[in-house]
Amino acid sequence: MIAIHKRNPPEKLVRLQHLADDMGLCPKDAYNLLKNPLKGEVRAQLVEEQGELCGYCMCRIPRDDAAPYITPITIEHMFPRDPESGEDLHQGLDYRNMLAVCHGNRGPFGTRTLADLTCDAHRRNTMFRKVDPCKPDTLTTIFYTLDGRIDAEDPDVQFDLVSTLNLNCPSAPLIAERKSALDHLIAELGQVPEEMLGSYCITIQHEFQAETSPKTPYVGILLWYLDTLIQALAPT
């Protein structure tokens, strides 16, 4: 997971939100007002501002492994539209509350259990304890392992990533794809002369950080590894 910097909402979405407020609609009913073509415009802006990566797992969206009738990109609400608490924060049409996410390893009916799902598909209506990709300070304790697993030193963030979003799902491709991305980087670094490795890592790190759209899939694990290596190579 990486930080997402939100842009200004589409003006038509703002006007629709004002209309929903004037009608006194709950967040769930307010979101039901969002139809195409505006819904498509909102989804496209979310995808573009996220560098064509899922807001949770960082895979490229849309993925090319979904069945034709599976929605390839979902508009996700970080604060649920219909929370169990019943809280109404006008979150249904609040652009700051929206992310674009992947299909969450959904499959044909009867081929998936909850344990097979990831991202919003696994999360469903669960409230996050802490993690928020739009708040970089909640992401600072995230780390990875060389086999492609995601983790966090903060127990609440760790719970959000592993238990709520199921980002280490053994039946989904996420772990293997993160490992593949990392292995490719490690192989590239292995070709760099030792005396140049530190400066080379810093250069690549800056390039990844400067990416806009599209971003490199699973760039979070690559930035973590580069930062770890840069610190290890720094003179003491």
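**Strands, core and helix packing**

Biologist: Which residue in E2 stands opposite Ile-75?

Modeller: Ile-75 faces Ala-100 in E2. Strands (E, at least two residues) and helices (H or I, at least four) are DSSP runs, numbered from the N terminus.

Biologist: What kind of model is this?

Modeller: This is a predicted model, in which local features need pLDDT of at least 70 and side-chain atom pairs count only at pLDDT 80 or more, while totals for chains, interfaces and linings use all residues. Residues are numbered from 1 along each chain as its sequence is written, and side-chain values use heavy atoms, with hydrogens and water left out.

Biologist: How many bridges join E1 to E2, and do they run parallel or antiparallel?

Modeller: Strand E1 (residues 74–77) is joined to E2 by 4 bridges, and the two run antiparallel. Strands pair if DSSP finds at least two bridges between them.

Biologist: Which residues cover the two sides of E2?

Modeller: In E2 (residues 98–101), Met-98 and Ala-100 lie on one side and Leu-99 and Val-101 on the other, and all are buried. Buried means under 20% relative accessible area, exposed over 50%, and partly exposed in between, with a 1.4 Å probe and protein chains only.

Biologist: Now the interior. How many residues has the largest nonpolar core?

Modeller: The largest nonpolar core has 61 residues, and Ile-142 and Leu-189 are among those with the most contacts inside it. Helix H8 (residues 219–233) contributes the most to this core, with 8 residues. Such a core is a set of buried Ala, Val, Leu, Ile, Met, Phe, Trp, Tyr and Cys residues joined through side-chain atoms within 4.5 Å.

Biologist: And at what angle do H6 and H8 pack?

Modeller: Helix H6 (residues 174–189) and H8 pack at about 40°, with their axes 9 Å apart. H6 is therefore oblique to H8. Angles under 35 degrees count as roughly parallel, over 145 as roughly antiparallel, 65 to 115 as roughly perpendicular and the rest as oblique. Axes are lines fitted to C-alpha atoms, for helices over the stretch in contact, and angles run from 0 to 180 degrees between N-to-C directions.

Biologist: Another topic: which residues are joined by a cis peptide bond?

Modeller: One such bond joins Ile-61 and Pro-62, with omega about -5°. Another joins Ser-213 and Pro-214, with omega about 5°.

Biologist: Last one: is Asn-105 buried or exposed?

Modeller: Asn-105 counts as buried, at 9% relative accessibility. Asn-105 also has a positive phi of about 65°, although it is not a glycine.
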